[in-house]
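Open your viewer and get your selection tool ready. We will walk from stop to stop, and at each one you will hear what to pick and what is there.

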Amino acid sequence: MIPLFKYAGKSACFWQADGLELPCERAAITVRIHFNYQNQETMSLHLTRIDRRPKPFSLATTNGKILSTESYRGRWLYLVFHRHLA
Amino acid sequence: MRQKKDLLLAFGVNVVVVSFAEEEYALNYQMEVDLGWPLAVDPNRKMYEYFGLGRASFWDVWGPSAWWAYLKEMLRGNMPQPTGGDVYQRGGDVLIDPQGIVRFHKVGRGPGDRPAVDSILEVVQRYNCSAPQQ
């Protein structure tokens, strides 16, 4: 989670976080709004963007294998996230 | 995309399909459609969340672009099947380079909103050309 610094938008849409400014179309953004004990609204920004190294992950496949970041080191990996299966 | 499997392989791209369905359901699906790629399951949707694949809006799922996508599939002979799955969960595409860096990221707006395979291969080609030779 990256603290949300500010949202700036004039003619274009930008997110500014983590000391970097990023056009909205190059970022997948989830904003979570929390209320602390003083009922002050705080926000945090989950910013997944290109040109960054994702956190290490591992996923189980239907044939019992475990796929992890390390399994694909040195190879291109294309993750296709399905919507519902139908 | 399945039609361009050989091309993806030729470019050295390893495809992994990720589903939030339960393993048993995913396994049945894989056998039914002869997927041809590993199918990983993420029933808790942690990876979906991590890559910002949140909830679709009503219009993303049931709007004209969705109907158009379904119509195109039907014309190809792929009839939509009823599903018990969460139709509002967004899909998406993430391409990670050999150094482990995300080079392409797309959050799907709704059914059928996928990047063309050619655009994925274009990214691969661009980075392969600019990568330092070892």
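Select residues 64-75 of chain B, which form helix H5. This is a predicted model, and the helix offers a simple check: at 1.5 Å a residue, its 12 residues should span 16 Å, and the end C-alpha atoms are indeed 16 Å apart, so the two agree. Now color by burial. Of the 12 residues of H5(B), the number buried is 0, so the helix lies largely in the open. Step just past H5(B) to Gly77(B), where phi is positive, at about 95°.

Next, go to strand S8 of chain A, residues 76-81. Is S8(A) enclosed or in the open? Here 6 of the 6 residues are buried, so the strand is largely enclosed by the rest of the structure. Look along the strand to see its two faces: Trp76(A), Tyr78(A) and Val80(A) point one way, while Leu77(A), Leu79(A) and Phe81(A) point the other way.

Keep S8(A) selected and add its partners in chain B. Strand S1(B), residues 13-19, pairs with S8(A) in the parallel sense over 6 bridges; find Val80(A) and its bridge partner Val17(B) there. Strand S3(B), residues 92-96, runs antiparallel to S8(A) and is joined to it by 5 bridges, with Tyr78(A) opposite Leu95(B).

From Val17(B), move on to Leu39(B), its bridge partner in S2(B). S1(B) and S2(B) pair in the parallel sense over 3 bridges. Then cross back to chain A: strand S6(A), residues 58-61, pairs antiparallel with S2(B) over 2 bridges, and Thr61(A) has Ala40(B) as its bridge partner.

Now show the whole sheet. Its 7 strands are ordered S7(A)-S6(A)-S2(B)-S1(B)-S8(A)-S3(B)-S4(B), forming an open sheet with mixed pairing. S7(A) and S4(B) stand at the edges, each with a single partner strand, so one side of each has no neighbour in the sheet. On average, neighbouring strands are turned by 30° against each other, direction ignored.

Add helix H6(B), residues 117-130. H6(B) lies across S8(A) together with S1(B), S3(B) and S4(B), and runs at about 160° to S4(B).

Last stop: select the contact between the chains, with 54 residues from chain B and 34 residues from chain A. On the chain B side, S1(B) gives the most, with 7 residues. Color that side by residue type and you will find 32 nonpolar, 15 polar and 7 charged residues.

How values were computed. Residues numbered from 1 in each chain as written. Chains lettered and ligands numbered in written order. Predicted model: local features only at pLDDT ≥ 70, side-chain atom pairs only at ≥ 80, totals over all residues. Buried ≥ 20, exposed ≤ 12 C-beta atoms within 10 Å, placed from the backbone. Helix = DSSP H or I, 4+ residues; strand = E, 2+ residues; numbered from the N terminus. Pairing = 2+ DSSP bridges. Contact = placed C-beta atoms within 7 Å. Nonpolar A, V, L, I, M, F, W, Y, C, P; charged D, E, K, R; others polar. Expected span 1.5 Å × (residues − 1). Axes fitted to C-alpha atoms, helices over the stretch in contact; angles between N-to-C directions.
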